[in-house]
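Welcome, and thanks for taking a look at this one with us. Please have the sequence and the 3D view open side by side as you read.

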Amino acid sequence: MTKKVSDNSRRQFLGGVAATAGVAAASSFVPTKFAIAGKAPVKVGILLPYSGTYAMLGNSITNAMKMRLEQAGGMLGGRPIKYIGVDSEMSVPKAAPNTKKLIDKEKVDFLVGPVHSGIAAAMAKIVGKRKTPIMIVPNAGSNAVTGPLCAPNIFRCSFSNWQPAFPGGKLMADEGHKTAITISWKYGAGIQMMAAGTESFEANGGKVIKDIQVPFPKVEFQAFLSDIAALKPDAVFAFFSGGGAVKFVKDYAAAGLKENIPLYGPGFLTEGVSAAQGAAAEGIKTTLHYSADLDNAANQKFRTDYTKAYGKGPNVFSVQGFDTASLMLQAAAAVQGDMGATGDVITAMENAVFLDSPRGQWKMSKAHNPIQNIYLRQVQGGKQKLLGIAAEALEDPAKGCKLA
Ligand code: PHB
């Protein structure tokens with residue numbers, strides 16, 4: 001069980017409602033929109049997975065986001081916060097009803113979610129057609145969300161699927177590999193990451209000889225590992241994450257492949273799970289927009305605070321949750337809590353600066369996606385060791401985004 005940061009926002013919310021109702025009943029005084037805004041809480045809807053293979057991701061994001069908001073006094077633009085959390089269950093069919101419930105029934109100001117690319121696209125199709133709420137994606141990499149589905153009120157604090165995968169393909173070629181097999185879950189994230197890795201591997205002289213797609217979220221890898229053993233590529237490029245990544249990396253080593261065919265991939269393969277993977281993860285090189293040992297003061301403070309609050313270390317997912325909170329804080333402060341001033345909220349978010357980001361400073365692209373370094377890391381002694389920068393200030397191509 002993860003330890004929760006104490007949450008007194010519910011109490012503050014009830015206090016705010018009672019105070020507003022009292023004023024209305026006692027006189028005919030009609031408070032201005034801004035006076036109401038001064039008392040009522042800012043509503044933060046959260047649609048993340050708290051069960052299944054991505055539960056660790058949902059919890060890591062939520063913990064760090066709440067920690068950051070608590071550190072800022074538990075307020076957004078001078079108003080208390082009310083969280084309305086929903087377990088996405090990683091269900092794409094439930095994405096639309098869950099999103100509509102948070103928007104129409106709960107009337108959230110910020111909509112934070114999701115982890116899963118398929119859910120992200122479903123949410124963006126709904127949110128992008130409206131002026132509000134403001135959606136902040138704290139993980140899901142769906143290229144479309146900051147591509148063809150991009151919108152003024154949709155922002156991402158994580159990555160596009162293209163971003164951490166593209167430098168990984170070049171890395172394999174640079175390390176002398178000529179042939180590779182790609183293997184991932186068969187849905188948006190896996191398909192887009194494998195395409196980006198393949199593109200840069202082949203542009204640098206490599207050849208992908210087979211693309212294996214495993215139904216999501218299945219973890220029966222044996223038959224696929226036999227195929228890899230038979231085809232003997234120089235390298236394997238993989239996307240799995242959370243519980244599925246633990247199983248895949250362990251099965252890969254147990255099948256005797258680790259010593260002969262090096263495993264690469266976007267850093268999700270070992271992120272937040274290298275301890276559970278144990279010896280099977282040793283030596284795996286990945287590319288990602290974070291490394292635990294990044295030498296900056298913000299990262300050191302973040303890691304100390306998070307470990308103190310939750311009794312275990314943070315990971316890239318917590319970093320994304322932390323930065324999501326930073327973005328909300330900057331937006332709400334710019335309008336002094338008047339979330340109805342949507343245009344000003346959006347401008348503040350477009351100009352946001354992430355000085356205290358544990359991943360190092362980054363900024364929003366015109367398509368509302370981070371422009372950020374992609375780091376080369378290797379698991380050594382059960383921990384991520386930073387080897388260098390694989391791509392500096394990498395910006396997603398944002399194909400099809402009209403904002404850009
Ligand atoms: C996604 O579905 O976009 C996704 C999920 C888990 C990750 C990365 C991307 O670790």
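Here is a short briefing on the nonpolar cores, one helix pair and one loop residue. Please keep in mind that this is a predicted model. Its largest nonpolar core has 97 residues, and at least three of them come from each of domain 1 (20-159 + 295-371) and domain 2 (162-288).

**Nonpolar cores**
- Within the largest core, the residues that touch the most other members are L76, F110, F240 and F248.
- Helix 12 (residues 316-334) supplies the largest share of this core, with 10 residues.
- Leaving out residues up to four places away in sequence, L76 touches V42, V44, L69, I81, F110, M328, L329, A332 and G337.
- There is also a second, separate core of 21 residues, with L111, A120, M123 and M135 among them.

**Helix 3 against helix 12**
- The axes of helix 3 (residues 55-71) and helix 12 come within 7 Å, crossing at roughly 40°.
- The two helices are therefore oblique to each other, and their crossing is right-handed.
- On the helix 3 side, the contact is made by residues including M56, S60, A64, R68 and L69.
- On the helix 12 side, the partners include F317, G321, F322, A325, M328 and L329.

**S142 in its loop**
- You will find S142 in the loop between strand 5 (134-137) and strand 6 (154-156).
- Is S142 buried or exposed? It counts as buried because its relative accessibility is 3%, and buried means under 20%.
- Apart from neighbours within four places in sequence, S142 is in contact with S117, A120, A121, R156, N161 and Q192.
- One of these contacts, A120, is also included in the second core.

How values were computed:
Residues are numbered from 1 along each chain as its sequence is written. This is a predicted model: local features need pLDDT of at least 70, side-chain atom pairs count only at pLDDT 80 or more; totals for chains, interfaces and linings use all residues. Side-chain values use heavy atoms; hydrogens and water are left out. A nonpolar core is a set of buried Ala, Val, Leu, Ile, Met, Phe, Trp, Tyr and Cys residues joined through side-chain atoms within 4.5 Å. Buried means under 20% relative accessible area, exposed over 50%, partly exposed in between (1.4 Å probe, protein chains only). Helices (H or I, at least four residues) and strands (E, at least two) are DSSP runs, numbered from the N terminus. Domain bounds come from an automatic or database domain assignment. Contact means heavy atoms within 4.5 Å. Axes are lines fitted to C-alpha atoms, for helices over the stretch in contact, and angles run from 0 to 180 degrees between N-to-C directions. Angles under 35 degrees count as roughly parallel, over 145 as roughly antiparallel, 65 to 115 as roughly perpendicular and the rest as oblique. A crossing is left-handed if the near helix is turned anticlockwise from the far one by less than a right angle, and right-handed if clockwise.
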